[in-house]
Amino acid sequence: MTQTSQTYSAKDEATSFLAQRTAWDRTKILLKKSPFTARFGMIVIALYVIVAVFAPWIAPYGEAEVFPTPYAPWGGDHMFGTDQIGRDILSRMIYGARNTVGIAFATTILAFLIGASLGLAAAINRSWLDQFISRSVDVLMAIPSLIFALVLLSIFGSSVINLIIIIAVLDSTRVFRLTRAVAVNVVVMDYVEAAKLRGEGLGWIMRREILPNIMPPLVAEFGLRFCFVFLTIAALSFLGVGIQPPTADWGSMVRENASLIQFAQYDLKAGLTPLLPAAAIALLTVAVNFVVDWFLHHTSGIKD
Amino acid sequence: MSQDTLLEIKGLKIQGFSDERWHDIVKGVDVTLKRGQVMGLIGESGAGKSTLGLAAMGFTQPGCKITGGQILFDGVDLAQLSETEKRSYWGNRITYVAQSAAASFNPAHRLIDQTTASTLRFGKKSQAEAMDDARALYGELNLPNPDTIGDRYPHQVSGGQLQRVMTAMAMSPRPDLIIFDEPTTALDVTTQVEVLTAMRKIVEHFNTAAIYITHDLAVVAQMADFIKVLRYGEEVEEAETRKMLTAPEQDYTKSLWSVRALAKEPMPEQEPILKIKNIDAAYGKVKVLHNVDISVPRGSTVAVVGESGSGKSTTARVITGLLPPSAGDIEYEGQPLPPKLQDRSKDQKRRIQMIYQMADTAMNPRQTVREIIGRPLEFYLGLRGQAAEKRILELLEMIELDGRFIDRLPGELSGGQKQRICIARALAAEPDFIICDEVTSALDQIVQEGILRLLMRLQKELNLTYLFITHDISTVRAISDQVVVMNLGRVVEQGTKNDVFSPPHPEYTELLLSSVPEMDPDWLTNLNAARA
């Protein structure tokens with residue numbers, strides 16, 4: 001039996017306190033317990049990031065460097081052959097990682113900045129502002145987003161900046177919905193009221209009191225949203241209004257080499273060429289989803 | 001009364017899993033309960049009383065496991081049975097009444113269907129018989145309209161009625177043992193009396209054994225034949241109720257009893273620091289305050305008492321400016337205070353601080369103690385860095401904690417410690433006036449006493465004024481100078497503590513005062529005799 005004091009002392013009340021761990025320690029423990037799928041996802045994402053960042057050093061040739069032989073077969077100087085005007089497929093794949101992933105990432109960040117700040121403001125304000133933003137978002141969401149994006153891109157022209165802004169605005173509607181829904185539950189907490197009573201401004205309440213408490217669902221949504229943005233960009237590029245040539249990206253690479261697929265009966269490798277960028281898209285999507293799933297599982301507190 | 005043993009727990013050990021380790025929750029406890037006996041199980045939170053209560057059914061919460069000992073129910077060791085075998089006992093021979101009735105009922109089914117569900121599952125009675133029996137039980141539990149109340153849905157009856165329906169549900173299969181887990185903790189005192197009376201009557205009528213878990217000594221004194229005190233998963237003391245109340249042996253038990261001995265000396269009359277005059281307030285179209293008039297003398301404690309819905313907390317919201325009144329004035333130190341929070345100056349906001357009932361939700365779970373206490377220091381007084389750190393440490397000393405707590409998150413503090421941090425946050429603003437909204441009602445008695453002592457000491461040292469909102473009369477007796485009794489949004493009575501607590505009382509004050517359980521096993525019997 002442990003000897004405990006018989007008189008009351010506030011310091012000795014039973015708590016679940018454990019030794020302070022640094023953020024690094026906690027991350028290590030978390031990683032150690034991560035399942036195989038999550039590790040696989042993280043490794044794949046890390047590889048994509050490395051390829052995207054160091055593209056000019058990794059790629060054997062330039063992004064838009066044209067060689068004399070179009071549709072060159074696999075092997076030899078060009079590992080995956082060349083495309084319809086003689087550009088090296090492997091190099092374009094590597095640069096494509098930079099363009100496609102980079103633009104998707106920038107778009108997702110922008111979508112979250114817009115959606116989350118409006119969502120928080122609406123959740124705190126709950127008056128005409130909430131009504132105004134929510135109804136505008138309803139209107140935007142009523143129009144199928146791919147078609148809406150096509151229309152807007154044909155009006156404003158498909159530069160990279162336009163592409164980022166248009167997809168970000170369309171996707172921010174979903175982020176707004178989520179942020180508002182989770183923030184509404186936090187806004188009613190006494191600590192938010194305490195901050196209001198103290199006289200804190202809207203910015204402080206949004207950033208310091210509410211945001212840290214709704215991060216887990218937002219981070220999870222970030223992963224999923226990134227996948228959707230990425231697929232939207234690939235789809236738009238495939239339709240020819242996304243990233244414009246000569247910039248390499250996976251969506252347009254699929255489209256440009258799509259006709260090769262019918263040659264698969266004569267040369268299997270040639271037939272595979274349009275599937276390579278498609279596979280790159282698929283692999284990243286799967287990897288991100290693995291990581292998001294694990295993160296959601298971890299933060300939702302379900303233990304078994 | 002037959003005296004054969006119904007439940008015998010021998011050397012029970014239970015472990016719980018948290019933070020990647022197994023912790024001992026119950027460390028070898030013995031229980032012997034005879035048929036028809038009621039055992040009171042008391043102790044502070046974390047003492048393992050609920051875990052032990054559930055273990056008496058052979059049940060452990062997810063993340064817990066029984067690591068040793070026997071649970072002999074009518075000679076069968078429940079700890080050894082499979083899940084399926086145990087289920088033939090649950091809802092049949094052993095039933096359970098949970099703390100929060102509102103959260104325990106399925107909102108989609110009628111009450112009577114839920115009352116009879118387990119009886120029908122075991123095929124003990126036909127549906128018609130079970131329904132008739134349930135109506136008879138409702139009647140026995142003094143529920144209004146016993147013949148039709150079962151046709152209602154859970155949200156259509158009050159909290160006290162729902163708790164009685166749950167008791168009927170537990171009694172419906174005529175179990176040998178009922179486990180009551182803090183069944184009246186969430187109820188108002190006047191409702192609590194009715195529920196306690198009903199529970200005791202029905203348990204006596206059917207000669208059912210019961211385990212009654214609570215942290216309220218006065219309540220357990222009404223219900224139990226004998227009382228077991230738990231602390232840190234171990235038994236401190238067990239004795240027959242009368243003996244336990246009059247002559248506790250252990251120091252810890254004595255300290256539990258001493259909580260009610262707290263008292264405050266009367267103080268000389270002071271000029272008022274805050275006056276609210278003829279306040280009316282409404283949520284939308286529903287008027288909740290009618291002509292409320294309260295004056296708070298400087299350096300004193302004014303207790304506002306009343307049941308839920310009496311307008312106590314709304315009064316606090318009016319004073320803080322969160323709910324501007326529809327009529328009336330607020331005066332602070334003789335100056336009018338703007339009714340809206342936005343119109344008040346930073347200094348006016350600083351001088352009125354608030355401490356909340358639920359310390360859990362009053363602190364941002366993602367901020368450390370340093371950030372929580374540091375923010376008002378920075379916001380109101382411009383203290384940063386070293387100066388702020390020094391002040392935070394001073395404040396932690398003031399609330400009887402120390403520097404070890406500075407980097408903890410609220411989740412790493414106990415209930416009492418959390419409430420202390422909230423007090424420190426209020427003190428950090430250097431206020432004159434603090435509104436305490438039910439600050440001790442979510443805490444164990446021994447922790448309550450610590451907090452109340454702290455508040456009284458701080459009041460003396462810093463000349464603070466408290467508006468103390470509570471429904472607990474014993475707290476009022478302990479700490480207040482003046483008392484305001486509220487009911488249905490009106491002030492019923494107002495005056496010094498002695499005036500309000502000595503007769504003659506207005507009718508409502510009488511009802512409220514007489515409903516407060518006393519540490520006397522005969523109190524409930526006498527009260528019901530007097531009211532009859």
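This passage describes the fold of chain A and the domain arrangement of chain B in a predicted model.

Confidence in chain A is considered before its shape. The average pLDDT of chain A is 84, and 91% of its residues score at least 70. A stretch with low values lies at residues 1-6 of chain A, where the pLDDT is below 50. Beyond near neighbours in sequence, residues 1-6 of chain A make 5 contacts in the model.

The secondary structure of chain A consists of 12 helices and 0 strands. Read from the N terminus, the order of elements in chain A is therefore written with the helix symbol throughout, as α-α-α-α-α-α-α-α-α-α-α-α. With regard to overall dimensions, the radius of gyration of chain A is 25 Å, whereas a compact globule of 304 residues would have a value near 19 Å. Along the principal axes, a box of roughly 90 × 55 × 30 Å encloses the C-alpha atoms of chain A. Among the 304 residues of chain A, 35% are classed as buried. When contacts in chain A with a separation of 6 or more are considered, 67% of them join residues 24 or more positions apart.

One residue of chain A may serve as an example of local environment. Asn289(A) belongs to helix α12, which covers residues 275-300 of chain A. Around Asn289(A), 15 other C-beta atoms lie within 10 Å. A residue counts as buried at 20 or more such atoms and as exposed at 12 or fewer; Asn289(A) is therefore partly exposed, because its count of 15 falls in between. Asn289(A) and Thr82(A) are 207 residues apart along the chain, and their C-alpha atoms are separated by 32 Å.

Chain B is described in terms of its domains. Domain 1 of chain B spans residues 5-261, and domain 2 of chain B is assembled from residues 272-367 and 425-501. A distance of 36 Å separates the C-alpha centres of domain 1 and domain 2 of chain B. In the contact between these domains, domain 1 of chain B contributes 10 residues and domain 2 of chain B contributes 10 residues. On the side of domain 1 of chain B that touches domain 2 of chain B, at least two residues come from each of the helices α7 (189-205) and α10 (251-258). This side of domain 1 of chain B comprises 3 nonpolar, 4 polar and 3 charged residues.

Note on methods. Residues are numbered from 1 along each chain as its sequence is written. Chains are lettered from A and ligands numbered from 1 in the order in which they are written. This is a predicted model: local features need pLDDT of at least 70, side-chain atom pairs count only at pLDDT 80 or more; totals for chains, interfaces and linings use all residues. Domain bounds come from an automatic or database domain assignment. Two residues are in contact if their C-beta atoms, placed from the backbone, lie within 7 Å. Helices (H or I, at least four residues) and strands (E, at least two) are DSSP runs, numbered from the N terminus. Ala, Val, Leu, Ile, Met, Phe, Trp, Tyr, Cys and Pro count as nonpolar, Asp, Glu, Lys and Arg as charged, and the others, Gly among them, as polar. pLDDT is the predictor's confidence in each residue, from 0 to 100. The radius of gyration is taken over C-alpha atoms; the globule rule is 2.2 Å times the number of residues to the power 0.38.
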